[in-house]
Structure formats: structure tokens, C-alpha cells
Amino acid sequence: SLSERLESAFKQIKGEGRITELNVAATVKDIRRALVDADVNYKIAKEFTDKIREKAMGEKVLTAVSPGQLMVKIVKDELVELMGGTESELNAKGNPAVILIAGLQGSGKTTFSGKLANYLKGKKYSPMLVAADIYRPAAIDQLKVLGGQIGVDVYSEPENKNAVEIAKNAVAQARSLNKNVVIIDTAGRLAIDEAMMTEVTNVKNAVNPQEILFVVDSMTGQDAVNTARAFNERLDFTGVVLTKLDGDTRGGAALSIKYTVNKPIKFVSSGEKLDTLDVFYPERMAQRILGMGDITTLVERAQAQFDEVQAKKLEKKIRKNQFDFEDFKQQLDQIKKMGNIKDLLGMIPGVGKAIKDIDISDDAFKGIEAMINSMTPFERANPDTIDQSRRKRIAKGCGKDIADVNAFMKQFEQMKDMMKMMNKMPMGGKMPGLGG
Ligand code: GDP
Ligand code: MG
């Protein structure tokens with residue numbers, strides 16, 4: 001998948017100290033290949049990755065985040081931009097507002113019509129559905145079943161074979177029934193053909209829709225882009241609906257369509273249940289494409305909070321194996337400043353799920369803090385001097401058992417051993433948050 005490919009692309013520069021021309025070039029090439037594999041048009045992918053390279057090279061790498069994380073953020077920001085930046089609102093104002101649904105057969109028009117009616121009903125509109133698919137008798141029944149499930153009227157004329165007339169009559173009927181939104185579900189064909197285009201264009205001209213939504217199956221990849229282009233040339237639609245964005249569907253279509261027709265994606269739909277319609281948020285789609293949890297937020301918080309100078313000092317101390325309790329305490333403060341511990345850990349991809357049911361409260365750190373606070377400045381700076389009698393005094397000072405202090409001292413020693421080991425590794429074995 002694209003997300004896996006991107007992850008492996010980022011691995012190339014994870015653990016490297018800075019973003020250099022060399023590691024960016026390799027990463028960018030991988031990202032481009034991954035995008036193309038996810039059905040993004042080559043030209044679009046190239047333009048996209050050129051921009052990524054430019055941005056990455058100009059970026060100052062903070063000590064608090066790894067270059068890999070920074071690259072993820074750059075790529076994500078750029079994806080969001082490419083997909084329109086912010087969400088695009090549906091125009092459902094009119095008397096009644098007319099929303100025309102167009103797209104190929106099987107793309108999900110009828111299902112989406114039902115979902116949209118349900119969505120608008122939830123927003124206190126009073127919608128009406130119109131069955132204007134005159135070729136398949138079953139189409140009327142399908143819409144009626146959907147309408148029945150959500151309690152929305154369905155207008156149909158089973159004997160009439162003129163979609164334009166049906167649409168016009170439906171709008172008149174809606175007006176007389178005080179419905180304020182009319183959703184017209186039209187017929188589609190398996191491939192773009194002139195008769196279908198003429199028909200839907202005629203319907204458009206007859207009812208003057210506020211919105212013309214082009215519905216496209218997001219699983220159709222590159223074809224989705226060609227279909228979008230053809231429909232847009234004839235209909236000049238106002239927005240795109242991506243359907244069947246279930247499970248692992250690749251996000252490439254969203255990227256390419258927005259880029260190619262420059263029309264906003266307004267909704268994404270997944271599953272056959274009527275309440276699975278979502279407004280399209282470029283931000284969320286970018287996250288989906290990257291499959292990265294909420295690492296961006298993590299990076300942003302780190303950037304906002306981390307004191308670079310302090311990080312440098314700390315790194316030096318770790319290298320000389322002089323890490324002490326004062327440093328430990330500063331690290332705790334740093335982590336605390338960044339927010340709730342569990343939230344923070346949850347933002348690391350893969351970790352969120354693992355700790356979902358585990359109770360990690362910020363209180364876990366309170367005990368440790370209390371013990372450190374109970375040490376004298378001399379003890380904090382010289383952990384080796386903390387013998388049994390000092391431990392007893394520290395325990396008493398913070399209301400803990402001597403066993404707690406012993407356990408903490410042991411953990412601290414193990415941590416220092418680990419740091420010593422990492423110092424011996426190539427590139428110093430960067431530790432996130434410890435100035436890498
Ligand atoms: P239309 O020919 O464009 O009207 O397409 P339909 O609405 O009849 O949908 C075609 C098929 O795709 C039906 O079996 C739907 O149940 C299914 N379908 C529609 N939208 C979605 C979706 O978002 N996710 C999934 N998994 N199936 C969908
Ligand atoms: Mg249909």
C-alpha cells in the first residue's frame with residue numbers, strides 16, 4: 001500500500017542527523033514511485049515530489065524530531081494542499097435547492113443519493129429523492145427502499161421514459177410539498193457514452209442545479225481520473241463524491257481527481273450503510289494516505305516545546321555518560337509540557353492501538369517526580385553517591401517505600417547502561433526526545 005511504501009521511504013532518512021540532498025533525493029524517488037503505484041498520475045506525482053524536495057531542502061531540522069518525522073510532516077502538508085486545503089461546503093440553499101447526481105453505472109450514485117438525503121435530514125433539511133434512472137426498472141425500487149429506510153419521500157414516474165420531464169415535475173412537486181432540497185439520482189452507463197452525457201446535460205439545463213455532484217468509485221484508480229475529466233467537460237460539475245473508500249482502498253484517486261479537474265471533493269462514502277457518509281477533509285485524507293496516526297501533531301508539539309539549546313546540552317551529557325537526575329527531571333517536565341502522556345504515546349503510529357486498554361496516567365510520573373524532588377541537588381547531580389542511608393532518607397522525604405526508591409534507582413541505572421550502549425552504536429543511536 002501507499003502508506004507502507006511511504007513508511008519504508010522514510011526509513012531511509014530516519015536516524016540520520018540532518019536532511020541532506022542525498023537522502024532527500026532517495027526518499028523523494030521512493031515517494032514518487034509509491035504515489036504512481038497508488039494510481040496517482042505520473043505527471044502529478046512528479047510535480048508533487050519536486051515540491052517536496054524543495055521544501056525538505058529548505059527545512060531546518062530541529063533536534064526534537066527526526067528527519068523522518070519532519071519529512072512525513074512536509075509530505076502531509078503538501079498532500080493536504082494538493083487536495084484543496086480545507087473542506088468544501090455543500091450548497092443546499094434554494095427553493096428548493098436542486099442537487100444533481102451523475103456518474104457511471106455502479107459508481108454508487110443511488111446509494112450516495114440515499115446517504116446524502118439522510119445526511120441533509122440530519123441537518124434539518126427536508127429532502128426529496130428523485131428516481132430519474134429510466135433504464136433500469138429496479139432502480140426506482142432501489143431508491144424507494146433507501147428512502148423508506150430513512151423516511152424520505154421518493155419521487156418517481158415508472159411509465160415516463162423522459163428523464164428531463166421527470167426531473168422538472170419532481171422539482172415542481174417538491175416545491176408544492178415544501179421540500180427544500182431535491183436530490184436527482186440519474187442513470188449511468190458502464191462507460192462514458194454520448195447518449196448518457198446528452199441526457200444528463202439536458203436534465204442539468206432543465207432544472208438548474210445548485211450542485212452537480214460527480215460520483216466516482218475510488219477503487220477504479222486511473223480510470224477515475226479519465227471519467228472525471230470527461231464528465232467535467234460536459235457537465236462542469238460543482239463537486240466530487242468518492243465512494244467505496246472502504247477498508248484499504250487507495251487514496252490515489254482523491255489526489256489525481258482534484259488535481260486534474262480542479263473541483264473540490266465534497267464527500268467520501270464508505271460501506272453500504274446509510275450513515276457512512278462523511279464530509280471530505282483533505283487533512284484526514286492525507287493522514288489516510290500516509291497511514292501515520294497523528295504524527296504531525298506530535299511533530300508540531302515537539303517543535304513548539306522543545307528547547308534546542310537544552311537538547312544540545314543534554315546530548316553532550318549523554319555522550320559523556322553524565323546523565324543525572326536533574327536531567328531526568330527536565331526530561332519529565334518536557335514530556336509533561338507536551339501534553340497528556342497517553343495521548344502523546346498514542347500519536348506514534350502503531351503504539352496507539354497497543355496501549356488503548358492500558359491505563360497510563362500522568363500520575364505514574366508523579367511518584368518518580370516526588371522521589372527526585374526528595375533528593376538534594378548534590379544527590380541529583382551525583383547519582384552514584386546515593387547509598388542505602390540516603391535512599392532511606394529520600395523514601396521518608398517523599399512518603400515512599402525504600403523498595404520504590406531501590407526500584408527506581410535500578411531503572412535509572414539500566415537506562416544509563418542503555419544510553420552507554422547507544423553511544424557506541426553508529427550515528428550515536430538517536431533517541432527521540434533526547435536530542436538526536
Ligand atoms: P449506481 O449504479 O451508481 O447507482 O450505484 P449503486 O448505488 O447502485 O451502487 C452499486 C453497488 O455498489 C451496490 O451494490 C452498492 O451497495 C455498492 N456501493 C455503493 N456505495 C458503496 C460504498 O461506499 N462502499 C461499498 N462497499 N459499496 C458501495
Ligand atoms: Mg443507480
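Helix 5 lies across seven strands of this predicted model, namely strand 1 (97–102), strand 2 (127–132), strand 4 (181–186), strand 5 (211–217), strand 6, strand 7 and strand 8, and its direction makes an angle of about 170° with strand 4. Helix 5, which spans residues 109–122, is also the element that gives the most to the shell around ligand 1, contributing three residues.

**Sheet and helices**
- The strands form an open sheet of eight, ordered 3-2-4-1-5-6-7-8, in which the pairing is mixed.
- Strand 3 (154–155) and strand 8 (277–279) occupy the edges and have a single partner strand each, so one side of each is left without a neighbour in the sheet.
- Strand 6 (residues 239–243) and strand 7 (residues 265–269) run parallel and are joined by three bridges, with Leu 242 standing opposite Val 268 of strand 7.
- Helix 9 (residues 222–235) lies across strand 1, strand 5 and strand 6, and runs at about 160° to strand 5.

**Ligand shell**
- Ligand 1 is surrounded by 16 residues, of which Gly 108, Lys 109, Thr 110, Thr 111 and Lys 244 are the closest.
- Sorted by class, this shell around ligand 1 holds twelve polar and four charged residues, and no nonpolar ones.

**Confidence**
- The pLDDT of the protein chain averages 82, and 76% of the residues score at least 70.
- Residues 427–436 have a pLDDT below 50, although in the model this stretch has 20 contacts beyond near neighbours in sequence.
- Where pLDDT is low, the predicted coordinates should not be read in detail.
- For the complex, the predictor gives an ipTM of 0.99 and a pTM of 0.67.

Technical notes
Residues numbered from 1 in each chain as written. Chains lettered and ligands numbered in written order. Predicted model: local features only at pLDDT ≥ 70, side-chain atom pairs only at ≥ 80, totals over all residues. pLDDT = per-residue confidence, 0-100. Contact = placed C-beta atoms within 7 Å. Near = placed C-beta within 6 Å. Helix = DSSP H or I, 4+ residues; strand = E, 2+ residues; numbered from the N terminus. Nonpolar A, V, L, I, M, F, W, Y, C, P; charged D, E, K, R; others polar. Pairing = 2+ DSSP bridges. Axes fitted to C-alpha atoms, helices over the stretch in contact; angles between N-to-C directions.
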